[in-house]
Structure formats: C-alpha cells, structure tokens
Amino acid sequence: MSLSERFNNFLPYLQSMEFSGFVNESIGRVEEEMRQVLSAEPRCVYGLLDEYIFRGGKRIRPALLMLSFGALDGKDKKNAVKASALIELFHNFTLIHDDVEDDSHFRRGKPTLHISHGIPIALNSGDALYTLVWNRFLELDMPLEKRVKIASISGRAFQRVVEGQGVELEWYRTGKTSVSEDEYFSMVLGKTGALMGASCEAGAYLAGADSGTVEKFRMFGESLGVAFQIQDDILNVTGDFEKYKKEIGGDITEGKRSLMFIHAMSHATPGERKKLSSMLLSRTRDRKKIDYVVSAFRKYDSINYARLRALRFVEEASAFLRELRPSRESGELTDLAQHVIKREF
C-alpha cells in the first residue's frame with residue numbers, strides 16, 4: 001500500500017472542528033484579558049501590538065489550557081483565563097522575533113511588523129510584550145506557591161522555545177543541511193512543542209491534578225505541538241494563501257529544514273541532494289527554484305510521509321485521553337488533536 005493510500009485511510013479522522021460554548025466563552029475571556037494587558041502605556045510602544053495580535057490566530061494554546069483545565073473539573077477559571085492569555089501573548093512575542101529572524105513578509109495575511117514598521121520598532125515591540133507577560137505572571141491572584149509554580153512551568157517552556165529556535169538558527173548560520181529526523185524532532189519539541197505542552201501542563205496543574213496527571217498532559221501537548229509544526233510545514237508548500245495567510249513556499253526561501261526536506265534528501269540522488277541543498281542555502285525567492293524543491297518533495301512522497309508522521313504523533317498523544325473521565329472537554333481535546341493535522345490554516 002502506498003503512502004497516499006495509507007493516508008486516505010485516515011480521512012475519517014479529518015472532520016470539521018467546532019468548539020463548544022465552554023471553549024468559545026473561555027477564548028472570548030482570554031482575548032478580553034489580552035486586550036487589558038495590551039492597554040499599557042505609552043501607546044507608542046504598546047499600541048501597534050493590538051493590530052498584530054488581533055489580526056486573527058488559531059488561539060490553540062489557550063484552547064488547550066482551558067480544555068485541560070475543564071477536563072479535570074478545574075474551579076479557578078479566572079486564573080486559568082489569565083494564564084492562557086499570558087502564554088498566548090508570549091507566543092505572539094516569539095512570532096514577532098521569528099518574523100525578523102526569518103525575514104518573513106506576511107503574518108496572518110498582512111505585512112509583518114518589521115516590514116511595516118522597521119526592524120528596530122518590531123524588536124522593541126516584541127521585547128515590550130515579553131516584559132508585560134512576565135510582570136503579569138508575578139501579579140497572578142493566587143497563593144505564592146502556585147504563582148511560582150505557574151511561572152516555573154511557563155519559564156521552562158519559554159527557555160525551550162528559545163533553545164529550539166537557536167538550534168534552527170545555528171543550522172542556518174553553519175549551512176548545515178544534513179539534518180537527521182532525530183535532530184529535527186528534538187528541535188521542534190522545543191520550538192513548537194514546549195509551549196503547547198506548557199499550556200496543557202498549566203491547565204492540569206490549575207485544576208488541581210496530581211503530578212503524574214500533570215506530566216501526562218504536558219507530554220500530550222508536546223506531541224501535539226510536533227504534529228502541529230509538521231502540518232504547518234506541509235501547508236507552507238501545499239496551502240492556499242487566502243486560507244494560510246503566509247507566503248506559500250516561504251519556508252524554502254527561509255531555508256527551513258522541514259521533515260519533508262529531510263525525507264527527500266534521504267531518498268534523492270547525490271546530484272539532487274546537492275541541488276536541493278544549494279537552493280535551500282540560497283534563500284531564493286525564485287518561483288521556479290521553489291517549485292523544484294516542492295517537486296522533489298512530491299517525487300519522493302515526502303509530503304505524505306510527513307502527514308503520516310504527524311498522524312502518528314496525534315494518535316500517540318491522544319491515547320492517554322481515554323483514561324480520563326468522559327466529558328465534553330476531554331472529548332473536545334481529542335477532537336482538537338485530530339483537527340491539528342487536518343487544518344488548512
């Protein structure tokens with residue numbers, strides 16, 4: 001059975017995702033909290049963040065935190081909402097800096113901050129957002145022990161995000177294209193997985209779960225994060241700009257060592273490997289060169305290979321959810337996990 005046929009067997013998983021009133025109401029409160037945080041003065045520093053952050057966005061991290069919290073019958077919803085808002089704002093801080101580091105021109109269908117306002121203002125805005133987030137963590141209305149624990153969960157995740165990004169930047173700096181799958185997954189577990197893991201971990205902790213359960217929620221979120229990143233990489237070469245809202249093929253211009261690239265390199269001829277490496281290192285915006293790289297992904301079925309790996313991560317991540325007491329929230333966590341690998345944006 002080919003990879004394409006095997007992938008088609010999973011299509012029943014790929015059903016539309018509609019959140020319940022619990023999630024929609026929770027995300028609405030999270031967005032209100034985010035706006036309150038961003039109301040800080042002076043407006044010349046914080047004002048332009050509103051437009052960037054409220055262009056849209058999947059809000060998957062707040063959804064994960066609130067669903068994890070709800071699946072365990074959490075009661076302190078006010079602080080769960082505040083923690084969700086702060087983790088989502090930190091995520092947006094990383095996006096601002098990532099856009100500069102990657103020289104991305106679009107974010108959510110509009111020019112990135114460094115394109116519209118210049119690099120100095122974009123960097124300063126990101127730094128201002130980072131500072132706001134940490135100040136608000138210190139102001140959470142809960143006992144000191146719990147406040148320190150939530151800050152610790154977030155701080156460890158924030159460090160791993162930066163480390164994962166740093167590893168990827170080192171590949172760019174040194175021109176390394178012979179990246180193994182193990183190296184890729186290690187990098188993605190930090191860059192993308194850590195923050196989703198922290199969202200689930202914080203939700204479980206705030207719900208009062210025991211340490212073993214909290215750890216399982218963290219691992220669930222991290223695995224989901226890896227699947228999320230793989231799907232994001234797939235969409236970057238197969239997606240529709242009107243839905244995806246980022247440059248199609250932009251990851252190739254950036255020089256990203258995606259799972260598809262790693263898989264294609266492992267099957268390509270020596271001549272093809274040399275050409276693929278050269279194009280990735282050139283940071284080309286030439287459409288013909290970008291199309292050549294994508295054609296290699298298709299030639300070696302690397303796109304479907306990546307899809308199947310994402311599906312495997314989702315299946316493994318979701319297995320422990322069956323241990324939970326059946327509830328609307330635990331069911332929606334399962335649905336959200338499946339949604340991660342069928343999304344189109």
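The second largest cavity of this predicted model has a volume of about 50 Å³. Its lining is made up of Glu168, Tyr184, Met187, Val188, Lys191, Gln229, Asp233, Lys256 and Arg257. Two elements, helix H9 (181-206) and H10, each give two or more residues to this lining, and H9 provides the largest share, with four residues. Sorted by class, the residues around the second largest cavity are five charged, three nonpolar and one polar.

A reader new to the structure may like to place this space beside its companion. Two cavities of 30 Å³ or more are found in the structure, and the largest holds about 60 Å³ of space. The lining of the largest cavity consists of Asp233, Asn236, Val237, Asp251, Ile252, Lys256, Ser258, Met260, Phe261, Leu280, Val293 and Phe297. Asp233 and Lys256 appear in this lining, and Asp233 and Lys256 also belong to the lining of the second largest cavity. Four helices supply at least two residues each to the wall of the largest cavity: helix H10 (211-238), helix H12 (250-254), helix H13 (259-267) and helix H15 (287-299). Which of the helices gives the most to the lining of the largest cavity? That helix is H10, with three residues. In terms of class, seven residues of the lining of the largest cavity are nonpolar, three are charged and two are polar.

Aromatic rings offer a second way into the structure, which holds eleven aromatic pairs. One of them joins Phe90 and Tyr130, whose ring centres are 6.2 Å apart. The planes of Phe90 and Tyr130 meet at 55 degrees, so this pair is tilted: an angle over 60 would be needed for edge-to-face, and one under 30 for stacked. Phe90 belongs to helix H5 (residues 77-102) and Tyr130 to helix H7 (residues 119-138), so the contact ties together parts that are 40 residues apart in sequence. Are the two partners buried or exposed? Phe90 has a relative accessible area of 1% and is buried, whereas Tyr130, at 34% relative accessibility, counts as partly exposed. Phe90 and Tyr130 also take part in a cluster linked by ring pairs, together with Phe93, Trp134, Phe137 and Phe158.

Another pair is formed by Phe185 and Phe313, with ring centres 5.2 Å apart and planes at 50 degrees, so this pair is tilted. Phe185 lies in helix H9 and Phe313 in helix H16 (residues 302-318), and the pair therefore ties together parts that are 128 residues apart in sequence. Both Phe185 and Phe313 are buried.

Helix H17 covers residues 328-340, which makes 13 residues. From its first C-alpha to its last, H17 reaches 18 Å, close to the 18 Å expected at 1.5 Å a residue. The buried residues of H17 are Glu329, Ser330, Glu332, Leu333, Leu336, Ala337, His339 and Val340.

The loops between helices hold some backbone details that are worth a look. The peptide bond from Glu41 to Pro42 is cis, and its omega is near 0 degrees. Pro42 sits in the loop between helix H2 (21-37) and helix H3 (43-53). Further along the chain, Asp73 is found in the loop between helix H4 (60-71) and H5. The phi of Asp73 is near 60 degrees, a positive value in a residue other than glycine. With a relative accessible area of 40%, Asp73 is partly exposed. A positive phi, of about 55 degrees, is also seen at Asp301, which is not a glycine either. Asp301 lies in the loop between H15 and H16, and its relative accessible area of 23% makes Asp301 partly exposed.

Finally, the cysteines deserve a word. How many disulfides does the structure hold? The number is zero. Cys44 is exposed because its relative accessibility of 67% is over the 50% cut-off. Cys200, in contrast, has a relative accessible area of 0%, which is under the 20% limit, and therefore counts as buried.

Methods: Residues numbered from 1 in each chain as written. Predicted model: local features only at pLDDT ≥ 70, side-chain atom pairs only at ≥ 80, totals over all residues. Heavy atoms only, no water. Disulfide = S-S within 2.5 Å. Buried < 20%, exposed > 50% of the residue type's maximum accessible area, 1.4 Å probe, protein only. 1 Å grid on protein atoms, 1.4 Å probe; cavity = no way out; pocket = protein on both sides within 12 Å on 5 of 7 lines; lining within 4 Å. Points joined across faces, edges and corners; volume = space filled by probe spheres on them. Nonpolar A, V, L, I, M, F, W, Y, C, P; charged D, E, K, R; others polar. Expected span 1.5 Å × (residues − 1). Phe/Tyr/Trp six-rings, centres within 6.5 Å; stacked < 30°, edge-to-face > 60°.
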